[in-house]
Amino acid sequence: MDAIILGGDHTNEELYDTKEKVKGNKFSLFLKNKCMGMYVLDSLLNSDSIDKVVVVTDTTKLKQGLRFKKKVIFVHQVGNLTQNFLEGVRALNVKDNEPVLILASDLPLLKGEAINDLVKEYYKYNSDWTF
């Protein structure tokens with residue numbers, strides 16, 4: 001299964017009341033020693049159930065030359081949640097009825113094991129969707 005992380009936002013309003021002011025992009029909010037969205041990406045990369053990941057975010061804030069053990073595609077955010085979702089789907093080139101896991105970038109406690117369990121449940125029930 002492939003996955004999309006939605007980490008972009010078209011707003012310039014402050015997202016959280018923290019020491020570091022973050023406007024319009026949860027993916028790039030620093031938590032401990034890395035961007036919050038990287039915790040989610042690491043969880044997907046550590047999951048046996050995920051093949052490819054698309055990250056929709058403000059790509060101008062990313063370091064160049066990042067390397068990963070699975071295919072990761074970064075797509076620049078284009079607007080609101082729906083528009084960013086559609087950009088992620090286009091980047092994956094999703095076929096009809098092909099399952100895709102959609103995640104927000106502000107889930108730093110998510111673990112690869114939880115992703116494996118969710119995907120397993122999805123296939124167990126042959127669901128149209130799983131929450």
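## Overall make-up

The chain holds three helices and six strands. The model is a predicted one. Read from the N terminus, the elements follow the pattern β-β-β-α-β-β-α-β-α. The chain has 131 residues, and 39% of them count as buried.

Many contacts span long stretches of sequence. Take the contacts between residues at least 6 apart in sequence: 57% of these join residues at least 24 apart. The accessible surface of the chain is about 8400 Å². Carbon and sulfur atoms account for 51% of that surface.

## The sheet

Four strands build an open sheet in the order 5-4-1-6. Their pairing is parallel. Strand 5 (71-76) and strand 6 form the edges, and each pairs on one side only. From one strand to the next, the twist averages 20°. In general, strands of a sheet pair through backbone hydrogen bonds, either parallel or antiparallel.

Strand 1 pairs with strand 4 in the parallel sense over four bridges. Leu6 stands opposite Val56 of strand 4. Ile5 has Val55 as its bridge partner in strand 4. On to the next pair: strand 4 and strand 5 also run parallel, joined by six bridges. Here Val53 stands opposite Val72 in strand 5.

How much of strand 4 is buried? Five of its six residues are, so the strand is mostly covered.

## A helix across the sheet

Helix 2 covers residues 81-92. This helix lies across strand 1, strand 4, strand 5 and strand 6. Its direction makes an angle of about 150° with strand 1.

## The nonpolar cores

The largest nonpolar core has 21 residues. Which of them touch the most other members? They are Ile5, Leu41, Leu44, Val53 and Leu101. Several elements give two or more residues to this core: strand 1 (2-6), helix 1 (36-45), strand 4 (52-57), strand 6 (100-104) and helix 3 (112-125). Helix 1 gives the largest share, five residues. Another core lies apart from this one. That second core has six residues, among them Ile4, Val54, Val56 and Leu92.

Leu101 shows how distant parts of the sequence meet. Setting aside neighbours within four places in sequence, Leu101 is in contact with Met1, Asp2, Ala3, Ile4, Leu44, Ile50, Ile115 and Leu118. One of these partners, Leu44, is also among the core members that touch the most others. Another partner, Ile4, belongs to the second core.

Some residues of the sheet return here. Ile5, the bridge partner of Val55, is one of the best-connected members of the largest core, in that it is among those touching the most others. Val53, which stands opposite Val72, is in that group too. Val56, which stands opposite Leu6, is part of the second core.

## Salt bridges

How many salt bridges are there? The count comes to three. As a general point, side chains of opposite charge can pair when their charged atoms come close.

Asp42 forms a salt bridge with Lys34, with the closest N and O atoms 2.4 Å apart. Asp42 has 24% relative accessibility. Lys34 has 25%. Buried means under 20% and exposed means over 50%, so both residues count as partly exposed.

Glu87 pairs with Arg90, and here the closest N and O atoms are 2.6 Å apart. Both residues lie in helix 2, three residues apart, which is about one turn of the helix. Are these two residues buried, partly exposed or exposed? Glu87 is partly exposed, with a relative accessible area of 23%. Arg90 is exposed, at 54%.

The third salt bridge joins the side chains of Lys124 and Glu121, at 3.9 Å from N to O. These residues are three apart in helix 3, so about one helical turn separates them. Lys124 is exposed, with a relative accessible area of 55%. Glu121 counts as partly exposed, at 32% relative accessibility.

How values were computed:
Residues are numbered from 1 along each chain as its sequence is written. This is a predicted model: local features need pLDDT of at least 70, side-chain atom pairs count only at pLDDT 80 or more; totals for chains, interfaces and linings use all residues. Side-chain values use heavy atoms; hydrogens and water are left out. A nonpolar core is a set of buried Ala, Val, Leu, Ile, Met, Phe, Trp, Tyr and Cys residues joined through side-chain atoms within 4.5 Å. Buried means under 20% relative accessible area, exposed over 50%, partly exposed in between (1.4 Å probe, protein chains only). Contact means heavy atoms within 4.5 Å. Accessible areas come from the Shrake-Rupley method with a 1.4 Å probe; for residues, only the protein chains shown count as cover. Two strands pair if DSSP finds at least two bridges between them. Axes are lines fitted to C-alpha atoms, for helices over the stretch in contact, and angles run from 0 to 180 degrees between N-to-C directions. A salt bridge is a side-chain nitrogen of Lys or Arg within 4 Å of a carboxyl oxygen of Asp or Glu.
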